[in-house]
Each structure stands twice: as structure tokens, then as C-alpha cells.
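Q: Could you take a close look at how the helices pack against one another in this model? I'd like one connected walk-through, with whatever else fits alongside.

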Amino acid sequence: MGFLEGKVAAITGAGSGMGKACAKIFAREGARIVISDISGAQDQTAAEIGGDVVTTRCDISDEAQVSALVDLAVAKFGRLDAMLNVGGIGSGGLLEYLESDDLSRMLDINLKGMFFGAKHAVRAMKTTGGGTITNWSSLAGLIPSVGSGAYNIAKAGVAMMTRNFAVECGKYNIRSNAICPGMILTEGMGRAGYEAQPKRATVNPLGRPGAADDAGELAAFLASDRAAYLNGVLIPLDGGWGAMLA
Ligand SMILES: NC(=O)c1ccc[n+]([C@@H]2O[C@H](COP(=O)([O-])OP(=O)(O)OC[C@H]3O[C@@H](n4cnc5c(N)ncnc54)[C@H](O)[C@@H]3O)[C@@H](O)[C@H]2O)c1
């Protein structure tokens, strides 16, 4: 029996990378899952997992679609225990040249998209005695870097949002935590980041990049009762990269 047996989870960005890895690992551990993506690739993920996986297309920048994702989990499985806000986009460029529209798009997807997920998860979880929210921030949401400022600003917002939900919703037995990846070699954003700056993959103390499954395993733990007293934490998943001075 898996350690997520009896749990119902909804996952955004589940067509690729860490969201896809979460879908596989949550299913392996016995969770019933509703998986979504803007790309349509959630159906491929479901086909690879097999079994009773519910899929839906969801653009997280549209609050109505995120609300519908939560409602779908409740309609299919009667409850929502774990909300995984994974989906997002990358960006490049210096802040001094950043255009307003580009910043808005970044905030709409990478910050507001996760806010909608957390907000509507709380709405559902309050009715069934609690749950867990896990947001994908970034090491770059904790420590600045040159050339991805818009992304970093959004991810820093996700970090604060995570902790704010934690302090506001603990009383409902809802835990809110964030995973802050360093360099994870996913097929999407991770691969693009690696190709742009390959040295970043090995500069950490472990000397290697992370894998999507590293995030999936951590997310499964955070959503489980094994993490019952963890609330409001921002966990670097970075091989120790963020602990280094240089
Ligand atoms: N890979 C890394 O090294 C790394 C590092 C730090 C943080 N992160 C964060 O981890 C999360 C997952 O990253 P990944 O590397 O697995 O990325 P990925 O590119 O492999 O997958 C991201 C998924 O999000 C989906 N997506 C994009 N815009 C969306 C939208 N508007 N609505 C719904 N889904 C949307 C994409 O279609 C894609 O399937 C992201 O939030 C990313 O910012 C990744």
C-alpha cells in the first residue's frame, strides 16, 4: 500500500518535467489524481501512468480554469487533499530592459497562476477538514541571479505567498509549503536552462543536476501525513547550491 493511499491530488503543469514526475509518483503511492496542463500533454502523462487518472486542460493564468480544475477533483473523487502548483514558464533578460507586458505575463502565469491554485484549493479543503498546498518556487526566488529577474520576482512572490497561506490557513489544517529547485534537468525548462548555462548543472556541492523525480519524491512526502507538522517551509532542492558562497 502506498503512503498516499486515500489522498486526492490535483497537479498543474503535469504534461512535462516535475509535474509529470509528480503525477507518476503520486499514482505509484496510491493517490487518485487529476492532472492538467495548458499544452494538452497531460493526456500523454495519463496514458503512461495508466489506471484511473483524470485529465483536463488548464491554463493557470485563468482563474476560472483553475477553479474548474479544483471542482473537477471534488466532483470525481469527493475531495481534494493535495494541490500541486507546478506549471510555469521561464524568462530571460535584464530587468533594466524588461517591458511591462512581459512582466505582466510572467506574473500572470508564475505568480497569479499559483495563487489561484492555492486559493481554490483552500476553498475545497476547508470543507473536508484540511489538506496540503505545494508551490513550485525556485532557488532563484530566494537568491537573485543576473538575467532572469522577472522570473525571480515572480518566484519570490510565490515564496511569500506560500508562507502567507501557511499562517492564514493552518487553523483549517491546511499546510502550505514550497519546493525551491536549483537546476533540475527536466525536458522543458530545465533543459533550456542547461543549454543556456551548462556550468550551472554541476556547480553545486553534489556536482550534478537534479532529476524530475527528486521533486516528485519530495512533493509526495510533503503531501503525506509523514510531513504532518511541516507548514510554511521553503525547501531548496538544489544539491546544496544555495548554501554556497561561490
Ligand atoms: N527545471 C528547473 O531547473 C527549475 C528550477 C527552478 C524552478 N523550476 C520551476 O519548477 C516548475 C516545473 O518546471 P519544469 O522544469 O518541470 O518545467 P517544464 O517546462 O518541463 O514543465 C512546465 C509545464 O508547465 C506548463 N505550463 C506552462 N504555462 C502554463 C500555463 N499557463 N498553465 C498551465 N500549465 C502551463 C507547460 O506546458 C509544461 O508542461 C516550474 O514552475 C518552474 O518554474 C524549475
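A: Start with helix H3 (residues 63-77) and helix H4 (residues 100-125): in this predicted model they pack at an angle of about 35°, and their axes are 9 Å apart. The crossing of H3 past H4 is right-handed. On the H3 side, the residues that make the contact are Glu63, Val66, Ser67, Val70, Asp71 and Val74. Facing them from H4 are Phe116, Gly117, Lys119, His120, Ala121, Arg123 and Ala124. Sort the residues of this H3 and H4 contact by type and you get 6 nonpolar, 3 polar and 4 charged.

Stay with H4 for a moment, and turn to its packing with H5. The axes of H4 and H5 come within 9 Å and cross at roughly 15°, so these two helices count as roughly parallel to each other. The cut-off for that label is an angle under 35 degrees. As for handedness, H4 and H5 cross in a right-handed way. H4 brings Leu103, Met106, Leu107, Asn110, Leu111, Met114, Phe115, Ala118, Lys119 and Val122 to the contact. H5 answers with Ala150, Tyr151, Ile153, Ala154, Lys155, Gly157, Val158, Met161, Phe165 and Cys169. By type, the residues where H4 meets H5 divide into 16 nonpolar, 2 polar and 2 charged. Lys119 of H4 is worth picking out: it is listed in the contact with H3 and also in the contact with H5.

Just past H5 there's a backbone detail to look at. Asn173 sits in the loop between helix H5 (149-169) and strand S6 (174-181). Its phi is near 65°, a positive value in a residue other than glycine.

Now for the helix pair at lower residue numbers. Helix H1 (residues 17-28) and helix H2 (residues 42-49) pack with their axes 10 Å apart, at an angle of about 30°. That makes H1 and H2 roughly parallel to each other too, and their crossing is right-handed. From H1, Lys20, Ala23, Lys24 and Ala27 meet Thr45, Glu48 and Ile49 in H2. The residues in this H1 and H2 contact split into 3 nonpolar, 1 polar and 3 charged.

While we're in this region, have a look at Ser36, in strand S2 (residues 32-37). Ser36 counts as buried, because its relative accessibility is 0%. Leaving out residues up to four places away in sequence, Ser36 touches Ile11, Thr12, Gly13, Ala14, Gly15, Gln42, Thr56, Cys58 and Leu69. Two of the helices above turn up in that list: Gln42 falls within the residue range of H2, and Leu69 within that of H3.

Last, the cysteines. The structure holds 0 disulfides. Cys22 is in no disulfide, and the nearest cysteine sulfur, that of Cys180, is 14 Å away. Turn that around and you get the matching result: for Cys180 the closest cysteine sulfur is in Cys22, at 14 Å, which is too far for a bond. A pair would need its sulfur atoms within 2.5 Å to count as a disulfide. Cys22 is buried, with a relative accessible area of 0%, and Cys180 is buried as well, at 0% relative accessibility. As for where they sit, Cys22 lies within the residue range of H1, while Cys180 lies within that of strand S6.

Methods
Residues numbered from 1 in each chain as written. Predicted model: local features only at pLDDT ≥ 70, side-chain atom pairs only at ≥ 80, totals over all residues. Heavy atoms only, no water. Axes fitted to C-alpha atoms, helices over the stretch in contact; angles between N-to-C directions. Helix = DSSP H or I, 4+ residues; strand = E, 2+ residues; numbered from the N terminus. Parallel < 35°, antiparallel > 145°, perpendicular 65-115°, else oblique. Left-handed = near helix turned anticlockwise from the far one by under 90°. Contact = heavy atoms within 4.5 Å. Nonpolar A, V, L, I, M, F, W, Y, C, P; charged D, E, K, R; others polar. Buried < 20%, exposed > 50% of the residue type's maximum accessible area, 1.4 Å probe, protein only.
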